[in-house]
Amino acid sequence: MTTIKLTIEYDGTRYPGFSTKKKSASIESKLALAIRDVTGQSTQLFAAVKTEPGVHAAHQIVSFQLEKESFSGNTELLKMKLNAALPADIAVTSLEIADERFVASLAVKSCTYICRIVTDPLQHYFPVRTPVL
């Protein structure tokens, strides 16, 4: 098994948090579905921090394990395919192979929260990204 370390960002406006009992609507479920669609493998995700409903994240670390054969060790291609499979408000900004014992939820060294009050209903938190095909 190969341990994958993702750095993700997301606009949490339409999500009930990173993980929730309503699995079909969470950031975690969208990410797990994209991983399964791209690699053909279901996997358990470990997040460094779990956000609440409507909360956005930048530099969120998530780890999981895959059979290396499912992505041929090509991390750039895997990152590109995951981004193409994810909704536009969730993005993988970095993907790397980590030490086999790395678990994001156990490796947290710090976490910073920033509270912003946005009064412009049209303000976007992250730029719209177009998948590279």
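Let me start with Asp99, which is partly exposed because its relative accessibility is 45%. This is a predicted model, so please keep that in mind throughout. The side chain of Asp99 meets that of Arg101 in a salt bridge, at 3.4 Å from N to O. Arg101 itself is exposed, with a relative accessible area of 69%.

How many salt bridges does a search of the whole structure find? The count is three.

Another of them joins Asp37 and Arg36, with 3.9 Å from N to O. For a salt bridge the nitrogen has to be within 4 Å of the carboxyl oxygen, so this pair counts. Asp37 is exposed, at 52% relative accessibility, and Arg36 is partly exposed, at 41%.

Then there is the pair of Asp89 and Arg14, whose side chains form a salt bridge at 2.7 Å, N to O. Asp89 sits in the loop between helix 2 and strand 4, and Arg14 in the loop between strand 1 and helix 1, so this bridge ties together parts that are 75 residues apart in sequence. Are the two partners buried or exposed? Asp89 has 18% relative accessibility and counts as buried, while Arg14 is exposed at 55%. The cut-off for buried is under 20%, which is why Asp89 falls on that side.

Next, Asp11. This residue is in the loop between strand 1, residues 2–10, and helix 1, residues 27–39. Asp11 is buried, yet it has no salt bridge. Which side chain of opposite charge is nearest to Asp11? That is Arg14, and the separation is 7.6 Å. A salt bridge needs a distance within 4 Å, so Asp11 and Arg14 do not make one. What the side chain of Asp11 does have is a polar contact with the side chain of Thr13, at 2.5 Å.

Now the helices. In general, two packed helices are described by the angle between their axes and the distance between the axes. Here, the axes of helix 1 and helix 2, the latter being residues 75–85, come within 9 Å and cross at roughly 125 degrees. That angle makes helix 1 oblique to helix 2. The crossing of helix 1 past helix 2 is right-handed.

Last, one residue from helix 2, namely Asn83. Asn83 counts as buried because its relative accessibility is 12%. How far apart in space are Asn83 and Ile8? From C-alpha to C-alpha they are 10.0 Å apart, with their positions 75 residues apart in sequence.

That is where I will stop.

Notes:
Residues numbered from 1 in each chain as written. Predicted model: local features only at pLDDT ≥ 70, side-chain atom pairs only at ≥ 80, totals over all residues. Heavy atoms only, no water. Helix = DSSP H or I, 4+ residues; strand = E, 2+ residues; numbered from the N terminus. Buried < 20%, exposed > 50% of the residue type's maximum accessible area, 1.4 Å probe, protein only. Lys, Arg positive; Asp, Glu negative; His and termini not counted. Polar contact = N/O pair within 3.5 Å; in protein donor to acceptor, adjacent residues only side chain to side chain. Axes fitted to C-alpha atoms, helices over the stretch in contact; angles between N-to-C directions. Parallel < 35°, antiparallel > 145°, perpendicular 65-115°, else oblique. Left-handed = near helix turned anticlockwise from the far one by under 90°.
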